Amino acid sequence: MRVVVTGPMEDRFEEILSPKALDFLVALDSEFAARRVALLDTRRARRARYAEGQLPEFLPGTAAIRADPDWRVAPPAPGLLDRRVEITGPPDRRMTVNALNSGARVWLADFEDALAPTWDNVVHGQLNLVDAIDRRIDFTDGRGRRYALGDDPATIVVRPRGWHLVEKHIVVDGRAVPASLVDFGLYFFHCAQRQLDAGSGPYFYLPKLEDHREARLWNDVFGFAQNHLGIPQGTIRATVLIETITAAFEMDEILYELREHSAGLNAGRWDYIFSVIKNFGQRNDFVLPDRGDVTMTVPFLRAYTELLVRTCHRRGAHAIGGMAAVIPSRDPKVNAAAIGKVRADKEREAADGFDGSWVAHPGLVPVCRDAFDAVLGDRPHQLDRLRPEVTVGADDLLAVDRTPGRVTGAGLRGNVAVALRYFDAWLGGSGAAAIFDLMEDAATAEIARCQVWQWLQHATPLAEGGRVTEELVRSILVEEVATLNAERSVEERDRSTQAAEIFVRTALGEELPAFFTTEAYARHLVTPVAPPLAR
Ligand SMILES: CC(=O)SCCNC(=O)CCNC(=O)[C@H](O)C(C)(C)COP(=O)(O)OP(=O)(O)OC[C@H]1O[C@@H](n2cnc3c(N)ncnc32)[C@H](O)[C@@H]1OP(=O)(O)O
Ligand SMILES: O=CC(=O)O
Ligand SMILES: [Mg+2]
């Protein structure tokens with residue numbers, strides 16, 4: 001008995017968790033699980049060095065890769081040539097149909113930031129992907145509303161969970177399987193050939209990488225998986241999210257490791273900001289102002305996106321922009337402001353040379369499309385904009401102290417309220433939520449709780465007077481729980497208490513946990529049943 005499924009088996013789950021699919025997961029796990037553990041150790045050691053004052057640098061050992069002007073990544077695969085608008089969202093049934101019909105060129109089907117990794121969400125997500133590719137996803141909802149896939153659906157790109165997570169409902173030799181391998185492996189097993197038959201391919205977004213060795217691990221996973229299932233080498237395409245400060249120093253190396261499978265890089269701004277706080281939160285010179293002040297035009301974020309476009313285009317790779325977290329509102333005034341913000345964000349990205357960008361909501365597809373149409377016209381991308389004038393050094397990437405703005409009482413309260421409400425939604429099975437007119441997901445919630453931790457470490461002065469203290473944060477938390485509970489039925493109040501506990505554990509402790517998701521997942525989202533399905 002090597003593999004055991006400990007999660008409940010609902011209707012049709014056996015289609016996804018078939019004996020052959022599970023054997024494939026066992027093969028992936030046996031080959032790669034130990035390397036993942038070693039790379040997570042490397043992450044911990046690096047963070048400890050930063051806590052002692054070291055800073056990242058461009059690696060001397062890989063200078064030759066950066067300097068070599070001759071290598072390029074693979075050419076774009078079918079469906080990935082023109083990526084001017086990409087919509088993201090979790091693969092629940094309704095959103096799957098809505099995203100595929102949204103008019104975006106690409107749909108990022110998200111098992112990461114936008115998905116609460118309940119067992120149900122994970123397996124239903126895989127089922128929905130199979131059904132979408134087979135074009136048997138049409139349904140009528142409880143209100144009699146019909147959802148039917150249109151004639152020109154977006155290209156599907158799947159984002160598996162990051163290397164830090166495990167899937168505790170699938171256990172091999174007594175150990176939970178890395179969640180990245182589960183999400184990648186199940187999709188690849190069931191859908192790679194299906195996608196090829198449909199004229200597309202098995203495409204992925206790779207989240208939260210911290211260095212080029214993690215990209216090498218992914219590349220080896222791809223080689224192994226293609227070989228194992230008889231899919232031609234080089235069929236997979238993957239876009240790596242540059243969403244950690246450490247990966248920003250290794251963009252060339254990441255493209256190089258994955259060059260046979262690379263589809264470019266994406267500027268994942270929210271996790272990037274989170275990563276900066278996480279790695280340098282102990283330093284006084286890295287204290288960031290209110291989240292609302294950390295916009296994409298502040299020096300350290302501008303440096304990173306400029307370097308990303310330059311690096312990608314030099315290697316023939318797409319550069320994809322990030323997520324403006326504002327979403328449409330039913331209030332016309334709020335809506336006009338939101339659309340204006342998204343438009344400005346997408347116009348800046350298009351002018352900077354990005355080849356396309358992300359939106360969080362179908363209502364924003366036309367805004368992004370217009371911004372990129374204005375620059376691209378009939379061209380599918382702007383890979384020819386090489387941006388040779390861009391010179392970004394380590395000092396620019398680390399210029400966090402040049403971020404204008406203030407830490408305010410409203411910013412502190414906002415972070416507490418957003419983290420609390422997001423954790424509450426996540427516990428309820430929603431990995432993305434509209435909170436105070438913004439899209440919030442795992443990455444933005446990480447910023448919220450980490451900023452509170454950072455400000456507490458430094459007893460940061462508030463613009464209105466006074467300082468951030470634990471007593472103040474706890475009193476705000478009590479008030480915000482009361483406000484949330486007032487909107488709640490009595491049964492739901494237990495969830496706000498759990499959400500508050502997650503906040504206390506991940507924002508108020510002496511140590512800053514690397515991710516809120518790892519511990520909260522084990523504690524709250526794991527639902528084993530007995531007897532397990534064993535093989
Ligand atoms: C940091 C990062 O990683 S960013 C990427 C990860 N984050 C995401 O992907 C967030 C994606 N966005 C979302 O999940 C949603 O837009 C939310 C949760 C923020 C808001 O969703 P809602 O509250 O349902 O918004 P709203 O009521 O305006 O939705 C209107 C319709 O659009 C649909 N819709 C909204 N967002 C999306 C989306 N991203 N994909 C597909 N459909 C969507 C809704 O399902 C709804 O459909 P319906 O009319 O058939 O019922
Ligand atoms: O995944 C995207 C991000 O901004 O984080
Ligand atoms: Mg992210």
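**Figure 1. The C-terminal feature listed by UniProt.** An unreviewed UniProt entry places the feature "domain: Malate synthase C-terminal" at residues 408-522. The view comes from a predicted model. In this model the span from 408 to 522 is 64% helix and 7% strand. Its end C-alpha atoms are 34 Å apart.

**Figure 2. Glu-464, a residue in a loop.** The loop that holds Glu-464 runs between helix 16 (442-457) and helix 17 (470-486). Is Glu-464 buried or exposed? Glu-464 counts as exposed, because it has 10 C-beta neighbours inside 10 Å, and a residue is called exposed when that number is 12 or fewer. When neighbours within four places in sequence are left aside, Glu-464 is in contact with Thr-408 and Gly-409. Phe-516 is 52 residues from Glu-464 in sequence, and their C-alpha atoms are 30 Å apart in space.

**Figure 3. Where domain 1 and domain 2 touch.** The domain assignment of the protein gives domain 1 as residues 3-397 and domain 2 as residues 407-525. The C-alpha centres of domain 1 and domain 2 are separated by 25 Å. To the contact, domain 1 gives 34 residues and domain 2 gives 35 residues. On the side of domain 1 that touches domain 2, helix 10 and helix 12 (332-352) are the elements that give two or more residues. Helix 10 has the largest share of that side, with 6 residues. By class, the side of domain 1 that touches domain 2 has 19 nonpolar, 9 polar and 6 charged residues.

**Figure 4. The surroundings of ligand 1.** Around ligand 1 there are 23 residues, and those that come nearest are Thr-88, Gly-89, Asn-98, Asp-113 and Ala-432. Which elements each supply at least two residues of the shell around ligand 1? They are strand 2 (85-89), helix 4 (93-100), strand 14 (432-435) and strand 15 (438-441). Helix 4 gives the most, 4 residues. Domain 1 (3-397) and domain 2 (407-525) each provide at least three residues of the shell around ligand 1. Sorted by class, the shell around ligand 1 has 15 nonpolar, 4 polar and 4 charged residues.

**Figure 5. The surroundings of ligand 2.** Asp-113, one of the residues that come nearest to ligand 1, is also among the residues around ligand 2. The others around ligand 2 are Leu-241, Glu-243, Gly-268, Arg-269, Trp-270, Asp-271, Gly-322, Met-323 and Ala-443. Helix 10 (residues 269-280) has the largest share of the shell around ligand 2, with 3 residues. Helix 10 also belongs to the side of domain 1 that touches domain 2. The shell around ligand 2 divides into 4 nonpolar, 2 polar and 4 charged residues.

**Figure 6. Strand 11 and the strands that pair with it.** Strand 11 (residues 262-267) is largely enclosed by the rest of the structure, because 6 of its 6 residues are buried. Strand 10 (residues 237-242) pairs with strand 11 in the parallel sense, over 4 bridges. Leu-241, which is among the residues around ligand 2, has Asn-266 of strand 11 as its bridge partner. Strand 12 (residues 319-320) runs parallel to strand 11 and is joined to it by 2 bridges. There, Asn-266 has Ile-320 as its bridge partner.

**Figure 7. Gly-316, in the loop that leads to strand 12.** Gly-316 lies in the loop between helix 11 (299-314) and strand 12. Gly-316 is partly exposed, with 18 other C-beta atoms within 10 Å. Apart from neighbours within four places in sequence, Gly-316 is in contact with Arg-72, Val-73 and Leu-383. Gln-54 is 262 residues from Gly-316 along the chain, and their C-alpha atoms are separated by 33 Å.

**Figure 8. Strand 6 and the TIM barrel feature.** UniProt, in an unreviewed entry, lists residues 155-399 as "domain: Malate synthase TIM barrel". This span is 46% helix and 15% strand, and its end C-alpha atoms lie 37 Å apart. Strand 6 (residues 155-159) is largely enclosed by the rest of the structure, because 5 of its 5 residues are buried. Thr-155, Val-157 and Arg-159 point one way from strand 6, whereas Ile-156 and Val-158 point the other way. Strand 3 (residues 106-110) runs parallel to strand 6, and 5 bridges join them. Ala-109 stands opposite Val-158 of strand 6.

Conventions. Residues numbered from 1 in each chain as written. Chains lettered and ligands numbered in written order. Predicted model: local features only at pLDDT ≥ 70, side-chain atom pairs only at ≥ 80, totals over all residues. Near = placed C-beta within 6 Å. Nonpolar A, V, L, I, M, F, W, Y, C, P; charged D, E, K, R; others polar. Domains from an automatic or database assignment. UniProt positions renumbered as here; feature names shortened; annotations may be inferred. Buried ≥ 20, exposed ≤ 12 C-beta atoms within 10 Å, placed from the backbone. Pairing = 2+ DSSP bridges. Contact = placed C-beta atoms within 7 Å.
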